[in-house]
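Trainee: Got a minute to walk me through this one? I'd like to get a feel for the fold before I go back to the bench.

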Amino acid sequence: MADALLQVEGVRAGYGDAVVIDDIGFSLNEGESLAVLGRNGVGKTTLILTLMGQTRFMGGRMSLRGKRFERLPTNARVALGLGWAPQERGIFASLTVEENLSVAARPGPWNAKRLLDMFPALAARRGNFGNQLSGGEQQMLAIARALMTNPALLLLDEPLEGLAPIIVEELTATIRRLAGEGVGFILVEQHTQLALGLARQAIILERGRIVFQGTSQALVDDPSMLVRFVGLRGERDLAPSVSA
Amino acid sequence: MGDFLSTWLALTFNGIAFGMILFLISSGLTVTLGVMRLVNLSHCGFAMIGGYIAMAAVDYLGFGLLASIPVALLGTMVIAAIIERTLFQWTYGITELGQILMTFGLTLVMVALCNIIFGPLLHALPVPNWLTGNFQGGGIVISVYRCFLIVISGLIAVGIWYVVERTDFGARLRASVDNPRMARCAGINVRQIFSLTFTVGCGLAAVGGVLGTQMLPLEPFYALDYLILTLIVVATGGLGSLKGSFCAALLIGVIDTWGRYILPAGGGFVMYAIVLVVLLARPQGLFARA
């Protein structure tokens, strides 16, 4: 697919000698979004980490805008166009909010002013150190910092985990806004309903392999795959309307 | 009582001057040891190299002490950069024992080379005439050169603080210190940051080596003689903490100076004893990173 933003073919990766994901293949076009679903331990985060060069790569091909990157160091992948908001947030504790943003700055439309306007809670705490922020604020900062790299593709690893409902609502609206502005992203999220509402495409992983690949709407229309591989109890775990 | 006070003030002043030199020499080591997790036992060797380069500039090129400082700084940084790119890159990621053996071996090579080139005698770089003599007032006698040392070292310390706390490079260094993995994932070339910091740290050690020859005279075993002191400064201050190194260096400088006055036959015993107490109370050091 000549126009694909991200192309992943036959990727196999893990840690040490352990293979965690195997024969992973999918593609995303510019501005598209993908939800990665599955039970705990199936390899969702490993997939994200593999894209970022943080696992042991064992085979396959990965390319972004036609450029192969499976052998590039992590910082070079960021320069290529991958932006990552990790599950553990990874906020730099001894840097202020503004510094957390500035160290990640790359040329492009996203800058500190625009992001602080998007996240007023961060703007109010711009001089605070990273370890002085609440969980929700740290998550906002993690997303903002990823956007400061002006990525072609944003990787969001469980951005809503452990947050209060009001913060979940705020971040969901932010992600929806990013999608509306054409920012492509891959979303790993345990909140299946929210994930399917935010991303147009979805894959389900089971024991490190893809067992479903298609549209989010297809999963909503027939939740049997979700029941079988994600652990949902059925349609009652999905709201009637979850399309973005 | 006046004599007692003036003696203790003079000792404290001399101790601060000594501590400043220790800080300059140790500042680079706190980053390499505390952050890059590189056990670099050859760090004092770069202070020694800087001192000898300055001595060569003074003896063979007719430079004065102050003019020899940039020569020593740049020369040592070039040597450090070459060694880092050729030898040290093989030590990243190996066991600590491997790093100890490699860097200790490098120290022995430095010692041998300096012995061959410059001989075994002690050397102290000549101080310019305008920095000789003493300030006297209120019964206190203070060396002009030690005043100069404190001022210059203080300015360098302020410069280090400014670069680390107020510049983009410093922010990227602090990010790399906090979380190297996340720093890479934010697009920071951590390897490059650490290499540059290592090189500059060796340069600072060289400046300390040049300025401190009146207190730490140059001789081939310099790299081994003062290694323990610098390791103590880093450990007491807290690995990876420049603020900690600064405070620990001043504390150790003052305590060592007082200790040698109180108990001349004991050498550095007083200082070692106090450091032992500090580390028993705070094994992580005074200002360990969170």
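**Sheets, helices and contacts**

Mentor: Sure. Chain A has an open sheet of 4 strands in the order 2-1-4-5, with antiparallel pairing. Keep in mind that this is a predicted model.

Trainee: Which strands are the edge strands there?

Mentor: Strand 2 (18-29) and strand 5 (67-68) of chain A, each of which pairs on one side only.

Trainee: And how many bridges does strand 2 of chain A make with strand 1 of chain A?

Mentor: Strand 1 (residues 4-15) and strand 2 of chain A are joined over 8 bridges, in the antiparallel sense. To get your bearings, find Leu6(A), which stands opposite Leu28(A) in strand 2 of chain A.

Trainee: What packs on that sheet?

Mentor: Helix 1 (residues 44-51) of chain A does, touching strand 1, strand 2 and strand 4 (56-64) of chain A. The direction of helix 1 makes about 70° with that of strand 2 of chain A.

Trainee: OK, what about the sheet of 6 strands in chain A, what's its order?

Mentor: That open sheet runs 6-7-8-3-9-10, and its pairing is mixed. Strand 6 (82-85) and strand 10 (209-215) of chain A are the edge strands, each pairing on one side only. From one strand to the next, the twist averages 15°.

Trainee: How do strand 3 and strand 8 of chain A run, parallel or antiparallel?

Mentor: Parallel: 4 bridges join strand 3 (residues 33-37) to strand 8 (residues 184-188) of chain A. Leu34(A) stands opposite Ile186(A) in strand 8 of chain A, if you want a pair to click on.

Trainee: Switching topic. What does the domain assignment give for chain A?

Mentor: The assignment gives domain 1 as 4-81 + 153-237 and domain 2 as 91-150. Taken over C-alpha atoms, the centres of the two domains of chain A are 23 Å apart.

Trainee: How many residues are in contact between them?

Mentor: 9 residues of domain 1 of chain A are in contact with 8 residues of domain 2 of chain A. On the domain 1 side, helix 7 (residues 165-180) of chain A gives the most, with 3 residues.

Trainee: And how does that side of domain 1 divide into nonpolar, polar and charged?

Mentor: The side of domain 1 of chain A that touches domain 2 has 7 nonpolar residues, 2 polar and no charged.

Trainee: Now chain B. How many of its residues are in contact with chain A?

Mentor: 16 residues of chain B, and they are in contact with 20 residues of chain A. On the chain B side, the elements that give two or more residues are helix 6 (168-178) and helix 7 (180-185). Helix 6 of chain B gives the most, with 6 residues.

Trainee: What classes of residue are on that side of chain B?

Mentor: The side of chain B that touches chain A has 7 nonpolar, 3 polar and 6 charged residues.

Trainee: What about helix 2 and helix 3 of chain B, at what angle do they pack?

Mentor: Helix 2 (residues 43-61) and helix 3 (residues 65-86) of chain B pack at about 135°, with their axes 8 Å apart. They are therefore oblique to each other. Helix 2 of chain B passes helix 3 of chain B in a right-handed crossing.

Trainee: Which residues make the contact?

Mentor: From helix 2 of chain B, they include Phe46(B), Ile49(B) and Ile53(B), and from helix 3 of chain B, Leu65(B), Ile69(B) and Leu73(B) are among them. By class, the contact of helix 2 with helix 3 of chain B has 13 nonpolar, 4 polar and no charged residues.

Trainee: And at what angle do helix 10 and helix 11 of chain B pack?

Mentor: About 125°, with 8 Å between the axes of helix 10 (residues 227-237) and helix 11 (residues 242-262) of chain B. That makes helix 10 of chain B oblique to helix 11 of chain B. The crossing is right-handed. Among the residues that meet are Ile232(B) and Val233(B) in helix 10 of chain B, and Cys247(B) and Ile252(B) in helix 11 of chain B. This contact divides into 7 nonpolar, 4 polar and no charged residues.

Trainee: Last one: which residue takes a positive phi in the hairpin of strand 1 and strand 2 of chain B?

Mentor: Gly138(B), with a phi near 65°, in a hairpin that has 2 residues between the strands. Strand 1 (residues 134-137) and strand 2 (residues 140-143) of chain B run antiparallel, joined by 4 bridges. Phe135(B) stands opposite Ile142(B) in strand 2 of chain B.

Notes:
Residues numbered from 1 in each chain as written. Chains lettered and ligands numbered in written order. Predicted model: local features only at pLDDT ≥ 70, side-chain atom pairs only at ≥ 80, totals over all residues. Domains from an automatic or database assignment. Contact = placed C-beta atoms within 7 Å. Nonpolar A, V, L, I, M, F, W, Y, C, P; charged D, E, K, R; others polar. Axes fitted to C-alpha atoms, helices over the stretch in contact; angles between N-to-C directions. Parallel < 35°, antiparallel > 145°, perpendicular 65-115°, else oblique. Left-handed = near helix turned anticlockwise from the far one by under 90°. Pairing = 2+ DSSP bridges.
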